[in-house]
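Dear colleague,

I am handing over the structure below, and my notes on its two ligand sites follow. Please read them alongside the coordinates.

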Amino acid sequence: MITCYIGLGGNIANALGTPRQHIANAIAAFYASPHFANVTASSLYQSKAFGVTDQPDFFNAAVKADTDLAPLALLDFCQSLESAAKRTRLRHWGERSLDVDVLLYGDDTINHARLTVPHEGLFARNFVLIPMLELDPTLMVNGQKLADLPTSQQWQGLEKLTVL
Ligand SMILES: Nc1ncnc2c1ncn2[C@@H]1O[C@H](COP(=O)(O)OP(=O)(O)OP(=O)(O)O)[C@@H](O)[C@H]1O
Ligand SMILES: Nc1nc2c(c(=O)[nH]1)N=C(CO)CN2
């Protein structure tokens with residue numbers, strides 16, 4: 001079993017539910033699947049949209065779990081959750097009903113056409129870092145203690161998150 005971190009996000013409702021419901025359903029799927037053990041989920045966070053800013057606030061959360069899935073099978077599982085939420089995605093970095101990303105897969109570095117791990121932008125996105133740190137305040141990635149990042153340059157200019 002490998003410990004993985006998954007990032008969840010979304011900011012628009014569709015016929016199947018609100019972004020909060022989509023995230024809650026996705027978290028429930030990790031608890032329900034036989035491929036995951038020791039599942040823990042962060043709080044839900046709300047933040048201003050990062051990148052493309054003329055869109056509704058995002059909801060984000062993270063999941064930590066031990067998995068027996070290989071990396072690409074884990075990505076398939078994440079994408080099946082997006083499909084189950086009938087993912088709506090309007091533009092690059094734009095509105096979406098549900099985004100499910102593989103953030104970390106053990107200590108592995110993966111550079112595959114379909115999968116980059118650690119997830120690109122992980123270090124620069126507070127809506128990813130803060131939920132991950134809630135799950136493990138001592139988390140290290142590539143020799144970098146994530147808890148040190150909020151004081152770094154990359155933290156500047158990002159909106160403070162609200163715990164719901
Ligand atoms: N760590 C990762 N987690 C999830 N998807 C990844 C990862 N690394 C690469 N990908 C690839 O990224 C592709 C696009 O993902 P997605 O549609 O969520 O785009 P995005 O990064 O959210 O940006 P966009 O705004 O263009 O949608 C996926 O098809 C997947 O193969
Ligand atoms: N706050 C926040 N902003 C975003 C997010 C997100 O999940 N949270 N996802 C995006 C597209 O991947 C673009 N901007």
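By class, the shell around ligand 1 has six charged, four polar and four nonpolar residues, where Ala, Val, Leu, Ile, Met, Phe, Trp, Tyr, Cys and Pro count as nonpolar, Asp, Glu, Lys and Arg as charged, and the others, Gly among them, as polar. This is a predicted model, in which local features need pLDDT of at least 70 and side-chain atom pairs pLDDT 80 or more, while totals for chains, interfaces and linings use all residues. Residues are numbered from 1 along each chain as its sequence is written, chains are lettered from A and ligands numbered from 1 in the order written, and side-chain values use heavy atoms, with hydrogens and water left out.

Ligand 1 is surrounded by 14 residues, the closest being Arg89, His92, Trp93, Val102 and Arg114 (a residue counts if one of its heavy atoms lies within 4 Å). Polar backbone atoms of Val102 and Thr116 each lie 2.8 Å from a nitrogen atom of ligand 1, and one of Arg114 lies 2.7 Å from an oxygen atom of ligand 1 (polar contacts are pairs of N or O atoms within 3.5 Å).

Around ligand 2 the shell includes Lys48, Asn60, Trp93 and Asp99, and by class it has five nonpolar, two polar and three charged residues. A nitrogen atom of ligand 2 is 2.9 Å from a polar backbone atom of Lys48, whereas polar side-chain atoms of Asn60 and Asp99 lie 2.8 Å and 3.4 Å, respectively, from an oxygen atom of ligand 2. The protein covers 94% of the 340 Å² of accessible area that ligand 2 has on its own (Shrake-Rupley method, 1.4 Å probe).

Best regards

Technical notes: A polar contact is a pair of N or O atoms within 3.5 Å; within protein, one must be able to donate a hydrogen and the other to accept it, and residues adjacent in sequence count only if both atoms are side-chain atoms.
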